[in-house]
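Me: I would like to go through the terms used for this structure one by one and ask, for each, what justifies the term.

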Amino acid sequence: MDNNKNIQRIIDRIEAYGPLYDNGVTVGKVRKVIFGKPVSKESIKQKPAIYVTTSDAIQNTRYNFGFSNPNTQGQISVSYEITIVAAVKDKIVNSEKQLYDILMNLRDMISADPRFSDPLSPGTDQIFTRSVINEPKWDPKFKGQLINSVSVTLLCQIGSVFTLDIAGFTGISLISKPIEREVEQTENIYNTARIREGVSPISETHSFFAEMEYIEAQVAAMRTQKRNRAVISATLTRPSGTTIYSGKLVEISNGASYDQFETVTILFEVIH
Amino acid sequence: MPTTFNQNADLVENYKGHIEILDTNDSIWYKPDKLLDWIVSTIVDTEKHYSTDGKKKKTITGNSSVYELRLKRTADLYDPLTLPLQTKTISYWKSLIYGIPPALPTITLRGVSQSNATSNKFVVDEFVATVENIDESRDEGKGVEEVIVSGEIISHTSNKRQASAP
């Protein structure tokens with residue numbers, strides 16, 4: 001986790017996003033993007049400005065205990081604080097409107113590429129697994145003033161991903177860790193004294209569940225594969241390595257809580 | 001006031017019992033270790049008469065007693081010789097059944113049960129019986145193949161409670 005690189009990338013993205021920043025040409029657009037926490041919001045001359053720094057809780061692993069193998073660390077959550085400082089010289093309401101415009105464009109910028117790839121080479125060098133804006137908070141000192149300020153928390157996930165290649169799509173990022181079960185059904189073999197002396201194979205099954213964001217093109221392709229009932233290949237990439245499976249898609253289920261984004265869960269039956 | 005019997009202290013528990021089959025080729029009693037089921041049914045053949053005033057009378061004419069045992073299939077239930085000699089084996093029984101002329105296989109069996117009683121805890125049922133049905137099966141849902149052998153009891157030696165195992 002490289003906070004210097006990540007903060008600089010956020011800055012680079014903002015400066016590369018036309019609706020948000022044009023180096024002071026257009027009134028109302030962001031004029032300056034600054035690395036670090038604002039010391040004095042009144043003294044910055046080039047407003048509107050955006051400051052980018054880490055949140056007070058820089059990193060949250062949510063693990064109860066440590067790990068012995070770096071590959072098992074998986075993803076971590078990090079938060080960055082993006083502070084917008086808007087200012088007008090005429091009416092207070094215009095300051096608030098300017099702030100809302102900047103906030104809207106900031107959201108649009110993040111939605112366009114939540115993984116924050118290199119703006120000079122879009123789609124490459126993504127620094128985050130996923131990200132979302134949380135908790136925009138007014139700075140109470142400036143609310144209702146000609147200078148207005150809102151701090152936005154950018155919640156990001158960093159680290160190795162669980163991804164799936166299936167149905168012609170590669171690198172599908174999984175939301176939760178895949179649940180995989182490989183089971184041998186056996187018959188217990190007892191002696192005359194009813195002491196179990198052995199187990200004898202009856203049959204075996206192997207399957208995994210995976211959950212991902214609902215993207216129509218991907219789900220449509222998976223439905224086609226499922227309905228074809230064909231044996232297909234799926235590649236599951238975990239932090240510790242990659243496994244290639246051969247089998248059939250047998251279940252596609254989707255749903256989500258009302259205020260959460262829609263997800264889809266698939267069940268893949270592995271054939272050895 | 002009746003006297004209680006058939007009590008918990010005298011229970012015959014499954015796991016303590018076994019069966020034995022006599023192989024007359026080497027005169028050894030063999031104990032199958034993978035026995036699943038053992039059933040002995042004592043069935044009486046009767047004639048029924050009615051007197052002129054309607055009273056019923058039954059007379060025993062004989063019996064049609066049968067047994068059945070179910071085992072997990074193992075290789076030693078079979079004889080490696082083309083002309084089998086081990087009389088406890090399925091190979092031997094089939095050689096008689098399919099022989100020309102056919103012969104009815106007979107075997108000597110013991111059911112040995114052990115109870116929780118403090119004395120005379122063993123119950124031994126010994127008889128000679130035919131082998132008239134051999135079902136060898138490989139079932140889906142089971143890990144090991146099974147054999148069911150059954151037939152009719154020809155002569156009954158004894159069925160008594162005794163102090164020690166045979």
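The questions and replies below concern a predicted model, and each reply sets a value against the cut-off it has to meet.

Me: Why is A:H206 called buried?

Reply: The relative accessibility of A:H206 is 5%, and the term buried applies under 20%, so A:H206 counts as buried. The residue belongs to strand 8 of chain A, and, with residues up to four places away in sequence left out, A:H206 touches A:E180, A:R181, A:E182, A:Y245, A:F268, A:E269, A:V270 and A:H272.

Me: What makes the pair of A:H206 and A:H272 a polar contact?

Reply: The distance between the two side chains is 2.7 Å, and the limit for a pair of N or O atoms is 3.5 Å, so the side chains of A:H206 and A:H272 are taken to be in polar contact.

Me: How do you know that strand 7 and strand 8 of chain A are paired?

Reply: Pairing requires at least two bridges, and 14 bridges join strand 7 (residues 169–190) to strand 8 (residues 196–213) of chain A, the two running antiparallel, so the requirement is met. Within this pairing A:R181 stands opposite A:S207 of strand 8. The hairpin that these strands form has five residues between them, and A:R194 takes a positive phi near 60° there.

Me: What makes strand 11 of chain A a partner of strand 8 of chain A?

Reply: Seven bridges in the antiparallel sense link strand 8 to strand 11 (residues 263–270) of chain A, and because at least two are needed, these strands pair as well. One example is A:F208, whose bridge partner in strand 11 is A:F268.

Me: Why is A:T54 called buried, and which residues does A:T54 contact?

Reply: A:T54 has a relative accessibility of 17%, and since the cut-off is under 20%, A:T54 counts as buried. A:T54 sits in strand 2 (residues 49–60) of chain A and, neighbours within four places in sequence aside, contacts A:N3, A:I7, A:S79, A:Y80 and A:E81.

Me: What makes A:E197 and B:K34 a salt bridge?

Reply: The closest N and O atoms of A:E197 and B:K34 are 2.6 Å apart, while the rule asks for a distance within 4 Å, so the pair qualifies as a salt bridge. Between chain A and chain B the count is two salt bridges, and nine residue pairs are in polar contact across the interface, both residues being at pLDDT 80 or more. On the side of chain A that touches chain B, strand 7 and strand 8 of chain A each supply at least two residues, and the largest share, four residues, comes from strand 8. By class, the residues of this side are five nonpolar, three polar and three charged.

Me: How much area is buried between chain A and chain B, and which three residues of chain A supply the most?

Reply: About 980 Å² is buried between the two chains, with carbon and sulfur atoms giving 47%. Of the area that chain A buries against chain B, 53% is supplied by A:E187, A:T192 and A:R194, more than by any other three residues. In terms of contacts, eleven residues of chain A meet 16 residues of chain B.

Me: Why are B:R73 and B:E145 described as tying parts of chain B together?

Reply: The closest N and O atoms of B:R73 and B:E145 lie 2.4 Å apart, and the pair forms a salt bridge. B:R73 lies in the loop between strand 6 (66–72) and helix 1 (90–97) of chain B, and B:E145 in the loop between strand 9 (133–137) and strand 10 (146–162) of chain B, so the pair ties together parts that are 72 residues apart in sequence.

Me: Why does B:R73 count as partly exposed, whereas B:R110 counts as buried?

Reply: B:R73 has 29% relative accessibility, which falls between the limits of 20% and 50% and therefore counts as partly exposed. B:R110, at 13%, is under 20% and so counts as buried. The salt-bridge partner of B:R110 is B:E126, at 2.9 Å from N to O, and B:E126 is buried too, with a relative accessible area of 16%.

How values were computed
Residues numbered from 1 in each chain as written. Chains lettered and ligands numbered in written order. Predicted model: local features only at pLDDT ≥ 70, side-chain atom pairs only at ≥ 80, totals over all residues. Heavy atoms only, no water. Contact = heavy atoms within 4.5 Å. Buried area = accessible area lost by both parts, 1.4 Å probe. Salt bridge = Lys/Arg side-chain N within 4 Å of Asp/Glu carboxyl O. Polar contact = N/O pair within 3.5 Å; in protein donor to acceptor, adjacent residues only side chain to side chain. Nonpolar A, V, L, I, M, F, W, Y, C, P; charged D, E, K, R; others polar. Buried < 20%, exposed > 50% of the residue type's maximum accessible area, 1.4 Å probe, protein only.
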